[in-house]
Amino acid sequence: MGISGSQENSEKKPVVLIVGGGYGGIQCAKLLDKNGQFFVILIDRKSYFLHNVAALRASVEQDFARKIITPYDRLLTHGCVVQAEVISISNDSIQVHGRNEPIYFDYLIIATGSSYAFPGKIAETDITKAIDLYNNIQEKIKQSQQILIIGGGAVGVELAGEIATDFPNKDVTLVHSQKTLLQPKIFKEKLYINLQEQLEKLNVKIILNDRIQLPDNQHVNYIEGKHTYITQNSQINITADLTFFCTGARVNNRSLLNSPLKSKINPQTGRIIVNNYLQVDGYDNIFAIGDISDKEDKFAFLANYQAEYVAKIIPLIENKKLYPKEYEVHVNPTILLSIGRNGGVGQLPNKNGMIIGKLISKYLKSKDMFASRYRLAMNYCCQNQSENQSAYLNRLDSVRSVLSFTEQDAQDLLRGLPAKELELDQDFI
């Protein structure tokens with residue numbers, strides 16, 4: 001296809017651009033990089049991978065943020081990771097903030113994911129500032145006595161469990177609009193009962209089937225200072241000096257809204273419609289995986305499965321071989337929740353939907369939150385291993401050749417382009 005349209009790609013390697021460095025993005029990038037047939041470029045507006053499955057532990061445990069916020073600089077052997085903000089995506093190229101010319105691709109994998117109110121996820125681009133934000137929220141939790149969590153989905157439940165486990169003397173209240181925690185009638189009744197019992201044993205006060213009206217101009221991730229709220233249905237007074245909002249994720253689709261791919265977005269979900277090969281409808285060389293894809297439930301392990309499938313199918317397309325069988329959607333309800341470091345509950349993805357309690361959940365997830373596994377996946381073997389921000393400058397010749405860039409353009413790209421300032425109410429991209 002050619003990359004910039006003007007010069008020959010001397011390495012003769014097709015370019016795979018991956019937009020988004022979350023769970024699916026890093027897995028797909030590693031597998032295609034290892035394949036050796038492609039030049040892989042992973043683009044993310046942040047300088048680091050956030051293991052957000054464990055982000056709530058970083059809100060209470062000192063130095064835990066350093067275990068889950070890991071630089072991208074050792075992820076790939078042959079390709080490179082570029083810190084830049086993608087502002088638009090077309091059928092053959094992407095446009096990044098801070099660069100006038102587009103970057104062309106042979107294959108594109110859209111893995112932009114979703115955003116969530118801090119501390120569930122974070123929009124900060126700089127790794128040091130991101131760690132500081134988690135250190136700061138730890139102090140705010142320590143200094144607060146009455147903590148209100150609005151929203152009893154997975155994030156609200158796990159945040160309540162983390163705070164109540166590490167600070168048993170604090171008054172923690174969880175308000176949820178549904179009749180049960182999480183979404184009713186999705187999982188087995190035993191899971192809902194076990195979950196609520198564990199939280200109540202930690203003295204979390206749970207108010208179900210009720211709401212708290214948020215201010216119209218609410219654009220912050222949490223509210224500091226003493227406030228008194230009245231629930232809408234039961235008229236219960238709740239006083240809190242720290243209030244968290246855990247009320248739902250937002251899809252990162254802004255880069256698609258002013259592009260030809262906008263027509264491929266499901267208007268009900270905001271996600272990209274893909275076929276059974278995870279290709280964006282109408283495009284053989286463009287894929288979408290993870291939270292941005294309108295396919296199956298949204299869990300990190302499912303994003304990994306999708307990444308593995310796409311990393312398998314792209315070489316087959318390039319070599320003009322037959323497609324594999326269609327991607328097999330995982331239909332059985334699955335969840336694994338931690339309730340602090342000592343508890344948890346889950347429903348396994350087998351046909352019987354086996355329910356596991358606190359002991360197995362602690363062994364599988366709650367104790368370490370998979371932090372060591374993902375640290376190792378980023379090729380950082382220990383917590384204090386220092387980052388090397390210039391690691392990808394040795395890709396200079398490859399980037400110049402493959403993308404037909406000037407030396408200065410290649411250097412600018414590899415050093416990282418500045419991201420746009422987030423709008424006041426924007427915690428998503």
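These exercises, each with a worked solution, deal with a predicted model.

**Exercise 1. The chain as a whole**

Describe the make-up of the chain and how much of it is buried.

*Solution.* Start with secondary structure: the chain has ten helices and 20 strands. Next, burial: of its 429 residues, 53% count as buried. Then turn to the surface. The chain exposes about 19600 Å², and carbon and sulfur atoms supply 47% of that area. Last, take the contacts with a separation of 6 or more: residues 24 or more positions apart account for 66% of them.

**Exercise 2. Helix 4**

Check the length of helix 4 against its expected span, then decide how enclosed the helix is.

*Solution.* Helix 4 covers residues 154-166, which is 13 residues. At 1.5 Å a residue, counting one less than the number of residues, the span should be 18 Å. The end C-alpha atoms are 18 Å apart, so the two values agree. Now burial, with its cut-off of under 20% relative accessible area. Ten of the 13 residues pass, so the helix is largely enclosed by the rest of the structure. Among them are Gly156, Val157, Leu159, Glu162 and Ile163.

**Exercise 3. A salt bridge at helix 4**

Which residue forms a salt bridge with arginine 57, and what does the pair tie together?

*Solution.* The partner is glutamate 162, with the closest N and O atoms 2.6 Å apart. Arginine 57 lies in the loop between strand 3 (48-50) and helix 2 (65-68), and glutamate 162 in helix 4, so the pair ties together parts that are 105 residues apart in sequence. Check accessibility on both sides. Arginine 57 is at 0% and counts as buried. Glutamate 162 is at 1% and is also buried.

**Exercise 4. Two salt bridges of helix 3**

Place the salt bridges of glutamate 139 with lysine 142 and of lysine 140 with glutamate 224.

*Solution.* Glutamate 139 and lysine 142 meet at 3.6 Å, N to O. Being three residues apart in helix 3, they are separated by about one helical turn. An α-helix has 3.6 residues a turn, so residues three or four places apart point the same way. Glutamate 139 is partly exposed at 37%, and lysine 142 is partly exposed at 39%.

Lysine 140 and glutamate 224 meet at 3.1 Å, N to O. This pair links distant parts of the chain: lysine 140 is in helix 3 and glutamate 224 in strand 14 (residues 222-230), 84 residues apart. Glutamate 224 is partly exposed, at 45%.

**Exercise 5. The loop before helix 3**

Find the cis peptide bond and describe the setting of lysine 121.

*Solution.* The bond from phenylalanine 118 to proline 119 is cis, with omega near 10°. Proline 119 sits in the loop between strand 10 and helix 3. Lysine 121 is in the loop between strand 10 (114-115) and helix 3 (127-143). Is lysine 121 buried or exposed? With a relative accessible area of 16%, it is buried. Its side chain makes a polar contact of 2.9 Å with that of serine 114. Beyond its sequence neighbours within four places, lysine 121 contacts residues including Leu50, Asn52, Tyr134 and Asp291.

**Exercise 6. Positive phi**

Compare the settings of lysine 185 and asparagine 379.

*Solution.* Most residues other than glycine have a negative phi. Lysine 185 has phi near 65°; asparagine 379 has phi of about 65°. Lysine 185 lies in the loop between strand 12 (171-175) and helix 5 (189-201). Asparagine 379 is in the loop between helix 8 (371-377) and helix 9 (396-403). Lysine 185 is exposed at 83%, whereas asparagine 379 is partly exposed at 37%.

Notes
Residues are numbered from 1 along each chain as its sequence is written. This is a predicted model: local features need pLDDT of at least 70, side-chain atom pairs count only at pLDDT 80 or more; totals for chains, interfaces and linings use all residues. Side-chain values use heavy atoms; hydrogens and water are left out. Helices (H or I, at least four residues) and strands (E, at least two) are DSSP runs, numbered from the N terminus. Buried means under 20% relative accessible area, exposed over 50%, partly exposed in between (1.4 Å probe, protein chains only). A polar contact is a pair of N or O atoms within 3.5 Å; within protein, one must be able to donate a hydrogen and the other to accept it, and residues adjacent in sequence count only if both atoms are side-chain atoms. Contact means heavy atoms within 4.5 Å. Accessible areas come from the Shrake-Rupley method with a 1.4 Å probe; for residues, only the protein chains shown count as cover. A salt bridge is a side-chain nitrogen of Lys or Arg within 4 Å of a carboxyl oxygen of Asp or Glu.
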